[in-house]
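This report describes one protein chain for a reader who has not seen it before. Please look over the sequence and the model first.

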Amino acid sequence: MFQGKRILLIIGGGIAGYKALELIRRIREQGGHVTPVLTQSGEKFVTPLSVSALAGEAVHRDLFDLTTEAEMGHIQLSRSADLVVVAPATADLMAKMAQGMANDLASTLLLATDTPVLIAPSMNVRMWEHPATQRNIATLKGDGISFVGPNEGHMACGEFGPGRLAEPDEIMAAIIRQLCTRQVLTGKRIIVTSGPTHEPIDPVRYIANRSSGAQGSALARALVALGAEVVFITGPATAAYPEGAQVVQVESARDMQTAVMQALPADAAIFAAAVADWHVRSASDRKLKKSKDGLPVLEFGENPDILRGVAQMTDGRPALVIGFAAETNDVVDYAIAKRLRKGCDWIVANDVSPNTGIMGGSENEVTLITEAGAESWPRMSKAEVADTLVAKIAHVLNGTKDEL
Ligand code: C5P
(Lines give C-alpha, C1' and ligand atoms only; values in the text may rest on other atoms or scores of the structure.)
Protein backbone atom coordinates (compact mmCIF):
# COMPACT_ATOMS: atom_id res chain seq x y z
CA MET A 1 0.00 0.00 0.00
CA PHE A 2 2.87 2.39 0.61
CA GLN A 3 5.09 1.09 -2.14
CA GLY A 4 8.28 3.14 -2.18
CA LYS A 5 7.29 5.38 0.76
CA ARG A 6 10.02 6.16 3.30
CA ILE A 7 9.26 6.42 6.98
CA LEU A 8 11.78 7.77 9.45
CA LEU A 9 10.88 5.94 12.66
CA ILE A 10 12.21 7.43 15.88
CA ILE A 11 11.98 4.95 18.74
CA GLY A 12 12.04 6.62 22.13
CA GLY A 13 12.43 4.93 25.50
CA GLY A 14 9.52 3.09 27.05
CA ILE A 15 8.34 -0.30 28.09
CA ALA A 16 6.08 -0.33 24.98
CA GLY A 17 9.12 -0.05 22.68
CA TYR A 18 8.58 -3.63 21.56
CA LYS A 19 5.50 -2.44 19.67
CA ALA A 20 7.82 -0.39 17.44
CA LEU A 21 9.31 -3.67 16.22
CA GLU A 22 5.89 -4.89 15.16
CA LEU A 23 5.30 -1.55 13.48
CA ILE A 24 8.48 -1.90 11.41
CA ARG A 25 7.37 -5.35 10.28
CA ARG A 26 3.93 -4.06 9.27
CA ILE A 27 5.23 -1.03 7.36
CA ARG A 28 7.61 -3.23 5.39
CA GLU A 29 4.85 -5.75 4.71
CA GLN A 30 2.99 -2.89 3.01
CA GLY A 31 5.98 -2.10 0.79
CA GLY A 32 7.28 0.86 2.82
CA HIS A 33 10.92 1.56 3.81
CA VAL A 34 11.81 2.21 7.42
CA THR A 35 14.84 4.27 8.40
CA PRO A 36 15.15 3.60 12.13
CA VAL A 37 16.51 5.97 14.76
CA LEU A 38 16.96 4.83 18.35
CA THR A 39 17.28 7.28 21.21
CA GLN A 40 19.63 6.51 24.09
CA SER A 41 16.74 5.57 26.33
CA GLY A 42 15.11 3.63 23.46
CA GLU A 43 18.16 1.38 23.41
CA LYS A 44 17.39 0.32 26.96
CA PHE A 45 14.17 -1.34 25.75
CA VAL A 46 14.87 -2.64 22.23
CA THR A 47 18.25 -3.58 20.82
CA PRO A 48 19.80 -1.85 17.80
CA LEU A 49 20.32 -5.29 16.29
CA SER A 50 16.65 -6.28 16.39
CA VAL A 51 15.61 -2.88 15.02
CA SER A 52 18.06 -2.93 12.11
CA ALA A 53 17.39 -6.62 11.34
CA LEU A 54 13.65 -5.94 11.06
CA ALA A 55 14.08 -2.67 9.18
CA GLY A 56 16.69 -4.14 6.82
CA GLU A 57 18.65 -0.88 7.32
CA ALA A 58 21.28 0.29 9.74
CA VAL A 59 19.88 1.99 12.80
CA HIS A 60 20.93 5.61 13.43
CA ARG A 61 21.84 6.36 17.03
CA ASP A 62 24.38 9.18 17.29
CA LEU A 63 24.33 12.80 16.30
CA PHE A 64 28.10 12.84 15.97
CA ASP A 65 28.53 9.51 14.20
CA LEU A 66 31.09 10.47 11.57
CA THR A 67 30.41 7.49 9.28
CA THR A 68 26.71 8.22 9.16
CA GLU A 69 27.33 11.91 8.82
CA ALA A 70 29.64 11.26 5.86
CA GLU A 71 27.10 8.96 4.17
CA MET A 72 24.00 10.98 4.96
CA GLY A 73 24.00 14.10 7.09
CA HIS A 74 21.32 14.45 9.72
CA ILE A 75 19.62 17.23 7.76
CA GLN A 76 19.30 14.99 4.75
CA LEU A 77 18.21 12.09 6.95
CA SER A 78 15.41 14.20 8.39
CA ARG A 79 14.18 15.23 4.97
CA SER A 80 14.53 12.07 2.92
CA ALA A 81 11.37 10.59 4.45
CA ASP A 82 7.74 10.95 3.40
CA LEU A 83 6.71 10.82 7.06
CA VAL A 84 8.46 10.98 10.43
CA VAL A 85 6.91 8.73 13.07
CA VAL A 86 7.89 8.88 16.74
CA ALA A 87 6.83 5.71 18.60
CA PRO A 88 7.01 5.58 21.54
CA ALA A 89 7.25 9.34 22.10
CA THR A 90 8.31 9.99 25.70
CA ALA A 91 7.37 13.02 27.80
CA ASP A 92 11.00 14.12 27.54
CA LEU A 93 11.13 13.89 23.75
CA MET A 94 7.84 15.77 23.44
CA ALA A 95 9.17 18.48 25.77
CA LYS A 96 12.28 18.83 23.63
CA MET A 97 10.19 19.04 20.48
CA ALA A 98 7.90 21.66 22.00
CA GLN A 99 10.94 23.72 23.09
CA GLY A 100 12.78 23.33 19.79
CA MET A 101 15.77 21.71 21.46
CA ALA A 102 18.34 19.81 19.45
CA ASN A 103 20.76 18.10 21.78
CA ASP A 104 20.70 14.55 20.45
CA LEU A 105 20.03 12.86 17.11
CA ALA A 106 16.25 12.40 17.56
CA SER A 107 15.54 15.97 18.67
CA THR A 108 17.87 17.37 15.99
CA LEU A 109 16.10 15.40 13.26
CA LEU A 110 12.72 16.55 14.56
CA LEU A 111 13.84 20.17 14.51
CA ALA A 112 15.48 19.92 11.10
CA THR A 113 12.69 18.12 9.29
CA ASP A 114 10.24 19.69 6.88
CA THR A 115 8.30 16.41 6.61
CA PRO A 116 4.96 15.74 8.37
CA VAL A 117 5.45 14.27 11.85
CA LEU A 118 3.19 11.74 13.59
CA ILE A 119 3.80 10.95 17.24
CA ALA A 120 2.54 8.08 19.40
CA PRO A 121 3.04 9.10 23.04
CA SER A 122 3.65 6.61 25.81
CA MET A 123 4.19 7.53 29.44
CA ASN A 124 2.91 7.22 32.99
CA VAL A 125 -0.61 8.64 33.56
CA ARG A 126 0.58 11.38 35.92
CA MET A 127 3.26 12.44 33.45
CA TRP A 128 0.65 12.61 30.68
CA GLU A 129 -1.74 14.60 32.83
CA HIS A 130 0.91 16.99 34.16
CA PRO A 131 0.24 20.60 33.07
CA ALA A 132 3.73 20.78 31.57
CA THR A 133 3.02 17.82 29.25
CA GLN A 134 -0.43 19.19 28.45
CA ARG A 135 1.16 22.54 27.51
CA ASN A 136 3.64 20.73 25.29
CA ILE A 137 0.85 18.76 23.60
CA ALA A 138 -1.01 21.99 22.82
CA THR A 139 2.19 23.54 21.43
CA LEU A 140 2.96 20.51 19.28
CA LYS A 141 -0.59 20.36 17.92
CA GLY A 142 -0.31 24.05 17.13
CA ASP A 143 2.91 23.29 15.25
CA GLY A 144 0.99 20.83 13.06
CA ILE A 145 2.23 17.62 14.67
CA SER A 146 -0.28 14.73 14.43
CA PHE A 147 -0.98 12.43 17.37
CA VAL A 148 -2.12 8.82 17.62
CA GLY A 149 -3.07 7.71 21.13
CA PRO A 150 -2.23 7.40 23.91
CA ASN A 151 -4.84 4.85 24.95
CA GLU A 152 -6.37 4.46 28.34
CA GLY A 153 -5.73 1.26 30.29
CA HIS A 154 -3.60 -0.51 32.83
CA MET A 155 0.01 0.58 32.67
CA ALA A 156 3.18 -1.40 33.25
CA CYS A 157 3.75 0.74 36.37
CA GLY A 158 0.48 -0.52 37.87
CA GLU A 159 -1.55 2.67 37.39
CA PHE A 160 -4.64 3.12 35.23
CA GLY A 161 -5.48 5.91 32.80
CA PRO A 162 -4.28 7.52 29.57
CA GLY A 163 -0.66 6.93 28.66
CA ARG A 164 -0.50 3.55 26.92
CA LEU A 165 1.13 3.53 23.53
CA ALA A 166 -1.43 3.08 20.73
CA GLU A 167 -1.53 -0.44 19.28
CA PRO A 168 0.43 -1.12 16.09
CA ASP A 169 -2.75 -1.36 14.02
CA GLU A 170 -3.91 2.06 15.26
CA ILE A 171 -0.52 3.56 14.44
CA MET A 172 -0.66 1.90 11.01
CA ALA A 173 -4.10 3.41 10.36
CA ALA A 174 -2.74 6.84 11.32
CA ILE A 175 0.25 6.36 9.00
CA ILE A 176 -2.09 5.35 6.17
CA ARG A 177 -4.15 8.51 6.71
CA GLN A 178 -0.97 10.62 6.59
CA LEU A 179 0.57 8.99 3.55
CA CYS A 180 -2.37 8.37 1.31
CA THR A 181 -3.59 11.77 0.39
CA ARG A 182 -5.37 10.78 -2.82
CA GLN A 183 -8.67 10.21 -1.08
CA VAL A 184 -10.55 9.42 -4.29
CA LEU A 185 -12.94 7.02 -2.56
CA THR A 186 -14.06 9.42 0.17
CA GLY A 187 -17.81 9.09 0.71
CA LYS A 188 -17.97 5.63 -0.89
CA ARG A 189 -19.17 2.74 1.25
CA ILE A 190 -17.69 -0.61 0.26
CA ILE A 191 -18.33 -4.09 1.66
CA VAL A 192 -15.53 -6.66 1.58
CA THR A 193 -16.06 -10.29 2.58
CA SER A 194 -12.94 -12.21 3.50
CA GLY A 195 -11.47 -15.37 4.98
CA PRO A 196 -12.89 -18.86 5.25
CA THR A 197 -16.17 -19.83 6.85
CA HIS A 198 -16.51 -22.43 9.56
CA GLU A 199 -19.49 -24.73 9.25
CA PRO A 200 -20.19 -26.41 12.60
CA ILE A 201 -20.55 -30.17 12.93
CA ASP A 202 -21.09 -29.89 16.68
CA PRO A 203 -20.06 -27.25 19.26
CA VAL A 204 -16.34 -28.13 18.96
CA ARG A 205 -15.91 -29.44 15.40
CA TYR A 206 -16.32 -27.65 12.10
CA ILE A 207 -15.64 -27.85 8.38
CA ALA A 208 -13.33 -25.13 7.06
CA ASN A 209 -10.97 -24.35 4.17
CA ARG A 210 -7.41 -23.09 3.79
CA SER A 211 -8.20 -19.42 3.06
CA SER A 212 -6.03 -17.07 5.17
CA GLY A 213 -8.00 -13.91 4.39
CA ALA A 214 -4.79 -12.19 3.20
CA GLN A 215 -6.21 -10.99 -0.14
CA GLY A 216 -9.40 -9.69 1.49
CA SER A 217 -7.45 -7.79 4.17
CA ALA A 218 -5.15 -6.31 1.53
CA LEU A 219 -8.15 -5.13 -0.50
CA ALA A 220 -9.80 -3.55 2.50
CA ARG A 221 -6.54 -1.76 3.42
CA ALA A 222 -6.15 -0.40 -0.08
CA LEU A 223 -9.76 0.86 -0.03
CA VAL A 224 -9.29 2.52 3.38
CA ALA A 225 -6.13 4.18 2.07
CA LEU A 226 -8.15 5.89 -0.65
CA GLY A 227 -10.68 7.16 1.88
CA ALA A 228 -13.47 4.57 1.47
CA GLU A 229 -15.73 3.62 4.36
CA VAL A 230 -15.09 -0.12 4.47
CA VAL A 231 -17.22 -2.78 6.14
CA PHE A 232 -14.96 -5.81 6.41
CA ILE A 233 -16.99 -8.96 7.02
CA THR A 234 -14.64 -11.78 7.86
CA GLY A 235 -14.82 -15.45 8.72
CA PRO A 236 -12.21 -16.85 11.14
CA ALA A 237 -9.13 -15.72 9.18
CA THR A 238 -5.47 -15.88 10.18
CA ALA A 239 -4.36 -12.71 8.33
CA ALA A 240 -4.27 -9.45 10.32
CA TYR A 241 -7.47 -7.43 10.05
CA PRO A 242 -7.31 -4.18 8.09
CA GLU A 243 -6.73 -1.05 10.15
CA GLY A 244 -9.32 1.66 9.71
CA ALA A 245 -12.13 -0.63 8.49
CA GLN A 246 -15.29 -1.54 10.38
CA VAL A 247 -14.65 -5.22 11.17
CA VAL A 248 -17.58 -7.64 11.50
CA GLN A 249 -16.51 -11.12 12.59
CA VAL A 250 -18.70 -14.03 11.52
CA GLU A 251 -18.35 -17.76 11.52
CA SER A 252 -20.61 -19.56 9.05
CA ALA A 253 -21.77 -18.69 5.53
CA ARG A 254 -25.25 -18.03 6.85
CA ASP A 255 -23.87 -15.56 9.44
CA MET A 256 -21.87 -13.91 6.67
CA GLN A 257 -24.97 -13.48 4.53
CA THR A 258 -26.84 -11.85 7.41
CA ALA A 259 -23.93 -9.46 8.03
CA VAL A 260 -23.71 -8.54 4.33
CA MET A 261 -27.44 -7.82 4.12
CA GLN A 262 -27.17 -5.65 7.26
CA ALA A 263 -24.22 -3.74 5.80
CA LEU A 264 -26.10 -2.79 2.63
CA PRO A 265 -26.64 -0.34 0.97
CA ALA A 266 -23.16 0.14 -0.41
CA ASP A 267 -21.52 1.60 -3.50
CA ALA A 268 -19.54 -1.56 -4.14
CA ALA A 269 -19.28 -5.08 -2.71
CA ILE A 270 -16.25 -7.31 -3.08
CA PHE A 271 -16.68 -10.97 -2.24
CA ALA A 272 -13.21 -12.24 -1.49
CA ALA A 273 -14.30 -14.78 1.13
CA ALA A 274 -13.88 -18.48 0.49
CA VAL A 275 -17.41 -19.35 1.49
CA ALA A 276 -18.31 -22.99 2.13
CA ASP A 277 -20.86 -24.30 -0.34
CA TRP A 278 -22.55 -26.50 2.24
CA HIS A 279 -23.36 -26.51 5.90
CA VAL A 280 -23.99 -29.58 8.04
CA ARG A 281 -27.75 -29.78 8.26
CA SER A 282 -27.51 -32.42 10.94
CA ALA A 283 -25.17 -30.27 13.11
CA SER A 284 -25.58 -31.23 16.74
CA ASP A 285 -25.79 -28.78 19.60
CA ARG A 286 -24.01 -31.35 21.77
CA LYS A 287 -20.57 -32.81 21.17
CA LEU A 288 -20.92 -36.01 19.11
CA LYS A 289 -19.75 -39.10 20.96
CA LYS A 290 -18.12 -42.24 19.67
CA SER A 291 -20.76 -44.88 19.41
CA LYS A 292 -20.89 -48.63 18.98
CA ASP A 293 -23.58 -48.05 16.40
CA GLY A 294 -20.97 -46.92 13.85
CA LEU A 295 -19.73 -43.69 12.34
CA PRO A 296 -21.83 -40.52 12.30
CA VAL A 297 -23.33 -39.60 8.96
CA LEU A 298 -23.24 -35.90 8.12
CA GLU A 299 -26.12 -34.61 6.12
CA PHE A 300 -25.39 -31.43 4.15
CA GLY A 301 -27.56 -28.49 3.21
CA GLU A 302 -26.77 -25.86 0.58
CA ASN A 303 -25.43 -22.51 1.81
CA PRO A 304 -26.83 -19.25 0.44
CA ASP A 305 -24.76 -17.90 -2.45
CA ILE A 306 -24.08 -14.45 -1.00
CA LEU A 307 -22.41 -13.03 -4.10
CA ARG A 308 -25.18 -14.22 -6.41
CA GLY A 309 -27.87 -12.88 -4.09
CA VAL A 310 -26.35 -9.39 -4.00
CA ALA A 311 -25.42 -9.35 -7.72
CA GLN A 312 -28.98 -10.19 -8.67
CA MET A 313 -30.73 -7.73 -6.36
CA THR A 314 -33.30 -5.69 -8.23
CA ASP A 315 -33.51 -2.99 -5.60
CA GLY A 316 -30.50 -1.31 -4.03
CA ARG A 317 -27.83 -3.36 -5.81
CA PRO A 318 -24.33 -1.89 -5.31
CA ALA A 319 -23.07 -0.18 -8.48
CA LEU A 320 -20.12 -2.58 -8.63
CA VAL A 321 -20.29 -6.22 -7.51
CA ILE A 322 -17.06 -8.20 -7.66
CA GLY A 323 -16.57 -11.92 -7.09
CA PHE A 324 -13.51 -14.11 -6.84
CA ALA A 325 -13.05 -17.46 -8.54
CA ALA A 326 -10.53 -19.85 -7.09
CA GLU A 327 -10.05 -22.81 -9.39
CA THR A 328 -7.45 -25.45 -9.99
CA ASN A 329 -7.96 -25.94 -13.74
CA ASP A 330 -9.43 -24.12 -16.79
CA VAL A 331 -9.45 -21.03 -14.59
CA VAL A 332 -10.39 -18.39 -17.16
CA ASP A 333 -13.12 -20.42 -18.88
CA TYR A 334 -14.76 -21.26 -15.58
CA ALA A 335 -14.48 -17.65 -14.43
CA ILE A 336 -16.12 -16.27 -17.58
CA ALA A 337 -19.02 -18.66 -17.08
CA LYS A 338 -19.14 -17.81 -13.37
CA ARG A 339 -19.45 -14.07 -14.05
CA LEU A 340 -22.53 -14.70 -16.16
CA ARG A 341 -24.04 -17.24 -13.81
CA LYS A 342 -23.62 -15.08 -10.73
CA GLY A 343 -24.60 -11.84 -12.44
CA CYS A 344 -21.68 -9.89 -10.98
CA ASP A 345 -19.75 -7.17 -12.81
CA TRP A 346 -16.21 -8.50 -12.40
CA ILE A 347 -14.61 -11.77 -11.44
CA VAL A 348 -11.07 -11.94 -10.15
CA ALA A 349 -9.91 -15.42 -11.11
CA ASN A 350 -6.91 -17.27 -9.79
CA ASP A 351 -5.37 -20.70 -9.87
CA VAL A 352 -5.15 -22.09 -6.35
CA SER A 353 -3.53 -25.43 -7.23
CA PRO A 354 -1.25 -26.44 -4.33
CA ASN A 355 1.94 -25.96 -6.42
CA THR A 356 1.11 -22.25 -6.98
CA GLY A 357 1.48 -21.47 -3.23
CA ILE A 358 -1.28 -18.87 -3.65
CA MET A 359 -3.78 -20.06 -1.05
CA GLY A 360 -2.32 -18.94 2.27
CA GLY A 361 0.72 -17.38 0.52
CA SER A 362 1.69 -13.71 0.10
CA GLU A 363 1.54 -13.56 -3.70
CA ASN A 364 -1.22 -13.89 -6.23
CA GLU A 365 -1.54 -14.19 -9.98
CA VAL A 366 -4.95 -13.21 -11.24
CA THR A 367 -7.02 -12.67 -14.35
CA LEU A 368 -9.66 -9.97 -14.20
CA ILE A 369 -12.83 -10.88 -16.09
CA THR A 370 -15.15 -8.02 -17.01
CA GLU A 371 -17.79 -7.51 -19.64
CA ALA A 372 -14.97 -6.35 -21.92
CA GLY A 373 -13.05 -9.63 -21.63
CA ALA A 374 -10.18 -11.19 -19.70
CA GLU A 375 -7.06 -9.32 -18.55
CA SER A 376 -4.20 -11.38 -17.07
CA TRP A 377 -1.93 -9.63 -14.57
CA PRO A 378 1.62 -10.73 -13.76
CA ARG A 379 2.33 -12.51 -10.48
CA MET A 380 2.64 -9.90 -7.72
CA SER A 381 2.11 -9.51 -4.00
CA LYS A 382 -1.44 -9.63 -2.69
CA ALA A 383 -0.98 -6.00 -1.61
CA GLU A 384 -0.14 -5.01 -5.19
CA VAL A 385 -3.08 -6.98 -6.59
CA ALA A 386 -5.24 -5.06 -4.11
CA ASP A 387 -3.79 -1.66 -5.12
CA THR A 388 -4.29 -2.43 -8.82
CA LEU A 389 -7.85 -3.64 -8.38
CA VAL A 390 -8.78 -0.77 -6.09
CA ALA A 391 -7.43 1.77 -8.59
CA LYS A 392 -9.80 0.27 -11.18
CA ILE A 393 -12.69 0.34 -8.70
CA ALA A 394 -12.01 4.03 -8.04
CA HIS A 395 -12.10 4.74 -11.80
CA VAL A 396 -15.47 3.07 -12.14
CA LEU A 397 -17.08 4.55 -9.03
CA ASN A 398 -15.91 8.02 -9.95
CA GLY A 399 -16.91 7.58 -13.58
CA THR A 400 -13.53 8.92 -14.71
CA LYS A 401 -10.05 7.71 -15.47
CA ASP A 402 -8.40 11.02 -14.62
CA GLU A 403 -8.49 11.04 -10.88
CA LEU A 404 -5.66 8.70 -9.97
O1 C5P B 1 -19.27 -20.48 -6.70
P2 C5P B 1 -17.93 -20.17 -6.13
O3 C5P B 1 -17.81 -20.55 -4.67
O4 C5P B 1 -16.78 -20.68 -6.91
O5 C5P B 1 -17.84 -18.60 -6.24
C6 C5P B 1 -16.83 -17.85 -5.66
C7 C5P B 1 -17.29 -16.45 -5.42
O8 C5P B 1 -18.60 -16.45 -4.87
C9 C5P B 1 -16.43 -15.75 -4.40
O10 C5P B 1 -16.46 -14.38 -4.70
C11 C5P B 1 -17.15 -16.05 -3.10
O12 C5P B 1 -16.86 -15.07 -2.12
C13 C5P B 1 -18.59 -16.00 -3.52
N14 C5P B 1 -19.47 -16.91 -2.78
C15 C5P B 1 -20.43 -16.40 -1.95
N16 C5P B 1 -21.28 -17.24 -1.29
C17 C5P B 1 -21.19 -18.58 -1.46
C18 C5P B 1 -20.20 -19.12 -2.31
C19 C5P B 1 -19.35 -18.25 -2.95
O20 C5P B 1 -20.51 -15.18 -1.78
N21 C5P B 1 -22.02 -19.38 -0.82
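Leu 298 has a relative accessibility of 30%, so it counts as partly exposed. This residue sits in the loop that runs between strand E14 (278-280) and strand E15 (300-302). Together with Trp 278 and Phe 300, Leu 298 forms a nonpolar patch on the surface. The accessible area of the three residues together is about 310 Å².

**The chain as a whole**

The model is predicted. Its secondary structure consists of 14 helices and 21 strands. The C-alpha trace spans about 75 × 60 × 40 Å along its principal axes. The chain has 404 residues, and 52% of them are buried. Its accessible surface is about 19,300 Å², and carbon and sulfur atoms account for 50% of that area. Of the contacts between residues at least 6 apart in sequence, 66% join residues at least 24 apart.

**Helix H8**

Helix H8 covers residues 131-142. Its twelve residues, at 1.5 Å a residue, should span 16 Å, and the C-alpha atoms at its ends are 16 Å apart, so the two values agree.

Which residues of H8 are buried? They are Thr 133, Asn 136, Ile 137 and Leu 140. These residues lie on the same side of H8, because they cover an arc of only 105 degrees around the axis. The face turned away from that buried side carries Arg 135, Ala 138 and Gly 142, which are exposed.

The buried residues of H8 pack against two helices and two strands: helix H5 (91-99), helix H7 (125-129), strand E4 (117-121) and strand E5 (146-147). Just after H8 comes Gly 144, with a positive phi of about 90 degrees.

**Helix H11**

Helix H11 is made of residues 253-263, and those that are buried are Ala 253, Met 256, Ala 259, Val 260 and Ala 263. Viewed down the axis of H11, these buried residues fall within an arc of 120 degrees, so they line one face of the helix.

What do the buried residues of H11 pack against? Their partners are strand E8 (189-194), strand E9 (199-200), strand E11 (229-234), strand E12 (246-249), strand E13 (268-271) and helix H12 (306-311).

**Backbone angles**

Most peptide bonds are trans, and most residues other than glycine have a negative phi. The table gives two cis peptide bonds of this chain and the place of the proline in each.

| Cis peptide bond | Omega | Place of the proline |
|---|---|---|
| Ala 87 to Pro 88 | about -5 degrees | strand E3 (residues 83-89) |
| Gly 149 to Pro 150 | near 5 degrees | loop between E5 and strand E6 (151-154) |

E5, which precedes the loop of Pro 150, is also one of the elements that the buried residues of H8 pack against.

Asp 330 has a phi near 45 degrees, which is a positive value in a residue other than glycine. Asp 330 is found in the loop between strand E16 (320-327) and helix H13 (331-342). Is Asp 330 buried or partly exposed? With a relative accessible area of 49%, Asp 330 is partly exposed, since a residue counts as exposed when the value is over 50%.

Key:
Residues are numbered from 1 along each chain as its sequence is written. This is a predicted model: local features need pLDDT of at least 70, side-chain atom pairs count only at pLDDT 80 or more; totals for chains, interfaces and linings use all residues. Side-chain values use heavy atoms; hydrogens and water are left out. Patches are made of residues with over 30% relative accessible area and no salt bridge: like charges are joined within 9 Å, nonpolar side chains (Val, Leu, Ile, Met, Phe, Trp, Tyr) within 5 Å. Accessible areas come from the Shrake-Rupley method with a 1.4 Å probe; for residues, only the protein chains shown count as cover. A salt bridge is a side-chain nitrogen of Lys or Arg within 4 Å of a carboxyl oxygen of Asp or Glu. Helices (H or I, at least four residues) and strands (E, at least two) are DSSP runs, numbered from the N terminus. Buried means under 20% relative accessible area, exposed over 50%, partly exposed in between (1.4 Å probe, protein chains only). The expected span of a helix is 1.5 Å times one less than its number of residues. The arc is that of the directions from the helix axis to the C-beta atoms. Contact means heavy atoms within 4.5 Å.
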